[in-house]
Amino acid sequence: MPPVKVLGIESSCDETGVALYDTERGLLGHAVHTQVAMHEVYGGVVPELASRDHIRRMIPLLERVLAESKCARRDIDAIAYTAGPGLAGALLVGASFAEALALALGVPALPVHHLEGHLLSPLLGDDAPAFPFIALLVSGGHTQLMRVTRVGDYELLGESQDDAAGEAFDKTAKLLGLGYPGGPALAQLAASGRPGRFKLPRPMLKSGDLSFSFSGLKTAVLTAARARELTDVDRADLAAEFQEAVTEVLAVKAVAACRRHRLSVLVVAGGVGANRRLRERLDEAMAKIGGRVFYPALELCTDNGAMIAFCGAQRLLQGAAADRGGAFAVRPRWPLDQLA
Ligand code: KG4
Ligand code: ZN
């Protein structure tokens, strides 16, 4: 197949992402606009505001990416967009923009699964992992362990039964009086704290399966916070202990999945994959079993268009049939093992 340029569009939550990926030359350009500042005052994502902002950002981001890539619209060979899971209204903005542009340019439009984008994002680097591997997906909405045999072949091994790891970070951060998004803020506070002074549980650590549960941790933090007036030192120590608890469970289960499937390659994707402590633990634990961990570049850990463009490109290389614009649907809920 001759090289093709795939435009990627991401709008599933609070980041608008656009990117151009060339199947021969790699990533030509990518740009992200984050809505964090806009949602911050509300303490969380306001879906209606998110949708309206995606509309405002889409065309300027496209222009920026084309300029950075030194390409014109006519150079685009296909357009991949996030069709789910995510916020329905936000997804519809990206989907209708992508489908309309595809129709106008006469090129295929490719609906992409957001988590598949995250999952394949480490393959965008120069030092890409080889199949098969175990993937630990840790985002704001999902915590899953998957066995990845090849592009498009994902077996769910275990997932969170309640809050996702990122969600637990966000909710706990809120309890400790930190802003939104809570994950990075909590991680920063944890860096100055001492774990172990407060004792938090390690939920399902010894459950013998690959499932997770994080909602109890948030409640445990709330109980500790209610028991006394927290000083700044207390808050930092609680944050540190919380981070230890979440990262310990994630690391132990990820390594257990690798052992069980006799695989030595672990791929980590999703926003929580940016957490330094998690990376430290995973690197250490995988090295002990002679394995290795692959991460996406830090800027590609959180939502972006590059992973969507890359995912669409893989689909095209596999000969996926793509429609040429027209009828489309988004899937706010869409399990990754039901890609079909
Ligand atoms: O993958 P992502 O950008 O969006 C979703 O698809 O959900 O992940 C966002 C999540 C948020 O919950 C955010 O708090 C968390 O990732 N996050 C972190 C860190 N950076 C982002 N959690 C812990 N430590 C971090 N450094
Ligand atoms: Zn995401």
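**Zinc site, helices and backbone in a predicted model**

Student: Why is His118 called buried?

Tutor: In this predicted model, His118 has a relative accessible area of 1%. The term buried applies under 20%, so His118 is buried.

Student: What makes His114 count as buried?

Tutor: The relative accessibility of His114 is 7%. That value also falls under the 20% limit, and His114 therefore counts as buried.

Student: Where do His114 and His118 lie?

Tutor: Both belong to helix α4, residues 114-120, and are 4 residues apart, about one turn of the helix. In general, an α-helix has 3.6 residues a turn, so residues three or four places apart point the same way.

Student: Which residues coordinate the zinc ion (ligand 2)?

Tutor: The coordinating residues are His114 through NE2, His118 through NE2 and Asp303 through OD, at 2.0 to 2.1 Å. Donors must be within 2.8 Å of this metal, so these atoms qualify. Along the chain, the donors follow the spacing H-x3-H-x184-D.

Student: Why is the arrangement around the zinc ion (ligand 2) called irregular?

Tutor: The 4 donor atoms subtend angles of 91 to 141°. A tetrahedral assignment requires all angles to lie between 85 and 135 degrees, and 141° is outside that range. A square planar assignment requires opposite donors over 155 degrees apart, which angles of 91 to 141° do not provide. The arrangement is therefore irregular. For reference, the ideal angle for four tetrahedral donors is 109.5 degrees.

Student: How do you know that β7 and β8 pair?

Tutor: Strand β7 (residues 143-150) and strand β8 (residues 153-159) share 6 bridges in the antiparallel sense. At least two bridges are required, so the strands pair. Leu145 stands opposite Gly158 in β8. The two strands form a hairpin with 2 residues between them, and Gly152 in the turn has a positive phi of about 95°.

Student: What is the span of helix α7, and what is expected?

Tutor: Helix α7, residues 215-227, has 13 residues and reaches 19 Å from its first C-alpha to its last. This is close to the 18 Å expected at 1.5 Å a residue.

Student: Which residues of α7 are buried?

Tutor: They are Leu217, Ala220, Val221 and Ala224. They cover an arc of only 100° around the axis, which puts them on the same side of α7. The elements covering these buried residues include α5 (165-175) and α8 (232-260). The face turned away from the buried side carries the exposed residues Thr223 and Arg226.

Student: What makes Met204 partly exposed, and Arg262 exposed?

Tutor: Met204 has 23% relative accessibility, between the limits of 20% and 50%, so Met204 counts as partly exposed. Arg262, at 77%, is over 50% and therefore counts as exposed.

Student: What is the sign of phi in Met204 and in Arg262?

Tutor: Phi is positive in Met204, at about 60°, and positive in Arg262, near 50°; neither residue is a glycine. Met204 is in the loop between α6 (182-190) and α7, and Arg262 is in the loop between α8 and β9 (265-269). Most residues other than glycine have a negative phi, and most peptide bonds are trans.

Student: Which omega values accompany the cis peptide bonds at Pro85 and Pro132?

Tutor: Omega is near -15° for the bond from Gly84 to Pro85, and near -10° for that from Phe131 to Pro132. Pro85 is in the loop between β4 (78-84) and α3 (88-105), whereas Pro132 is in the loop between α4 and β6 (133-138).

Terms used: Residues numbered from 1 in each chain as written. Chains lettered and ligands numbered in written order. Predicted model: local features only at pLDDT ≥ 70, side-chain atom pairs only at ≥ 80, totals over all residues. Heavy atoms only, no water. Donors = N, O, S within 2.8 Å, 3.2 Å for Na, K, Ca; no water. Tetrahedral: all angles 85-135°; square planar, octahedral: opposite > 155°, others 65-115°. Buried < 20%, exposed > 50% of the residue type's maximum accessible area, 1.4 Å probe, protein only. Expected span 1.5 Å × (residues − 1). Arc of directions from axis to C-beta. Contact = heavy atoms within 4.5 Å.
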